[in-house]
Amino acid sequence: MSFFDQLQAATAREREALFSVPVIREALAGQVSLEGYRAFLGQAYHHVRHTVPLMMACGARLPSRLEWLRGAVCEYIEEEYGHERWILNDIAACGGDPEAVSSSRPSLPIELMVAFLYDQIARSNPVGLFGMVNVLEGTSIALATHAAGSIRESLGLPADAFSYLSSHGELDQDHMATYRGLMDRLDDEGDQQAVIHAAKVVYQLYADMFRGLPRASEVSHASR
């Protein structure tokens, strides 16, 4: 079994737990409140703005035996740079306050997730960052492919309120094909275990973030 397939098998329970969160099940069915979508974008901003700094820190700490992976990190940085601004633009397009979001604190799960990833790079194994990539890109593909269109239709929002989510569906599908190839080149057990461990932690914290988002049914009931 390739390492990519081992990774999916090792994290199957955590992935199922994430996709069983009620707000994600509702999103995949196109049932999202405007408040819930804005809240999701706000939390996305708080972790996406760290993507490039995390990748830069990871690339700087990779050992010379993983020079091929450092090159991939450089390409990823170039593609991801500035995407947090897309999210702020989406927030403005759906009537939110991007300045308030950018100056706010993230939810505790996102704050812990970002801190955990920086710590993994600094004190443990920088390759572990690729566990995050597995979780976040896989989740964004699912949301973009199965939910973005129906959410936009149900909320009556313009296309420019979904630039981040829609674009990442296509972008992350390409990334995941590349990611599979990179993971299948990892032949060191320590590196592999670092990726699996980080993926498990990020799955749990990301699920906790979604559990804290407003649900469409709750918002609808409160507005009556």
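Helix H2, residues 12-19, and helix H13, residues 189-211, have axes that come within 9 Å of each other and cross at roughly 10 degrees. This is a predicted model, so please read each value here as computed from that prediction. Two packed helices are described by the angle between their axes and the distance between the axes. A crossing of roughly 10 degrees falls under the 35 degrees that serves as the cut-off, and H2 and H13 are therefore roughly parallel to each other.

Which residues bring H2 and H13 together? On the H2 side you will find Glu14, Arg15, Ala17 and Leu18. They meet Lys200, Tyr203, Tyr206, Ala207, Phe210 and Arg211 in H13. Sorted by class, this contact has 6 nonpolar and 4 charged residues, with no polar ones.

Now let us move to the nonpolar core. The largest one has 72 residues. Among those with the most contacts inside this core are Tyr206 and Phe210, two residues that also take part in the meeting of H2 with H13. Phe40, Phe130, Tyr179, Met183 and Val195 belong to that well-connected group as well. H13 gives this core its largest share, 11 residues. Take Met183 as an example: leaving aside neighbours within four places in sequence, Met183 is in contact with Phe3, Phe4, Phe130 and Val195.

His47 is another residue to look up, and its place is in helix H4, residues 34-48. Is His47 buried or exposed? Its relative accessible area is 5%, so His47 counts as buried. Beyond its neighbours within four places in sequence, His47 is in contact with Ile110, Met113, Val114, Leu136 and Tyr206.

Loops can hold buried residues too, as the next two show. Leu66 lies in the loop between helix H5 (51-61) and helix H6 (67-80), and with 3% relative accessibility Leu66 counts as buried. Val127 sits in the loop between helix H9 (108-123) and helix H10 (129-146), where a relative accessible area of 0% makes Val127 buried. These two residues touch each other: not counting residues up to four places away in sequence, Leu66 touches Val127, Leu186 and Asp191. Setting such neighbours aside again, Val127 is in contact with Leu62, Leu66, Leu69, Leu186, Asp191 and Val195.

Separation along the chain and separation in space are two things to keep apart. Val127 and Arg61 are 66 residues apart in sequence, and their C-alpha atoms are 9.0 Å apart in space. For Leu66 and Leu213, 147 residues apart along the chain, the C-alpha atoms are separated by 38 Å.

Pro98 has its place in helix H8, residues 98-102. At 22% relative accessibility, Pro98 counts as partly exposed. Its contacts, again without neighbours within four places in sequence, are with Leu88, Ile91 and Ala92. From Pro98 to Arg38 there are 60 residues in sequence and 10.0 Å in space, C-alpha to C-alpha.

Last come the cysteines. A disulfide is a covalent bond between the sulfur atoms of two cysteines. How many disulfides are counted here? The count comes to 0. Cys58, for instance, is in no disulfide: the nearest cysteine sulfur, that of Cys74, is 10 Å away, whereas a disulfide would need the two sulfur atoms within 2.5 Å. Cys58 is buried, with a relative accessible area of 0%. Cys94 is also buried, with a relative accessible area of 4%.

Terms used. Residues are numbered from 1 along each chain as its sequence is written. This is a predicted model: local features need pLDDT of at least 70, side-chain atom pairs count only at pLDDT 80 or more; totals for chains, interfaces and linings use all residues. Side-chain values use heavy atoms; hydrogens and water are left out. Axes are lines fitted to C-alpha atoms, for helices over the stretch in contact, and angles run from 0 to 180 degrees between N-to-C directions. Helices (H or I, at least four residues) and strands (E, at least two) are DSSP runs, numbered from the N terminus. Angles under 35 degrees count as roughly parallel, over 145 as roughly antiparallel, 65 to 115 as roughly perpendicular and the rest as oblique. Contact means heavy atoms within 4.5 Å. Ala, Val, Leu, Ile, Met, Phe, Trp, Tyr, Cys and Pro count as nonpolar, Asp, Glu, Lys and Arg as charged, and the others, Gly among them, as polar. A nonpolar core is a set of buried Ala, Val, Leu, Ile, Met, Phe, Trp, Tyr and Cys residues joined through side-chain atoms within 4.5 Å. Buried means under 20% relative accessible area, exposed over 50%, partly exposed in between (1.4 Å probe, protein chains only).
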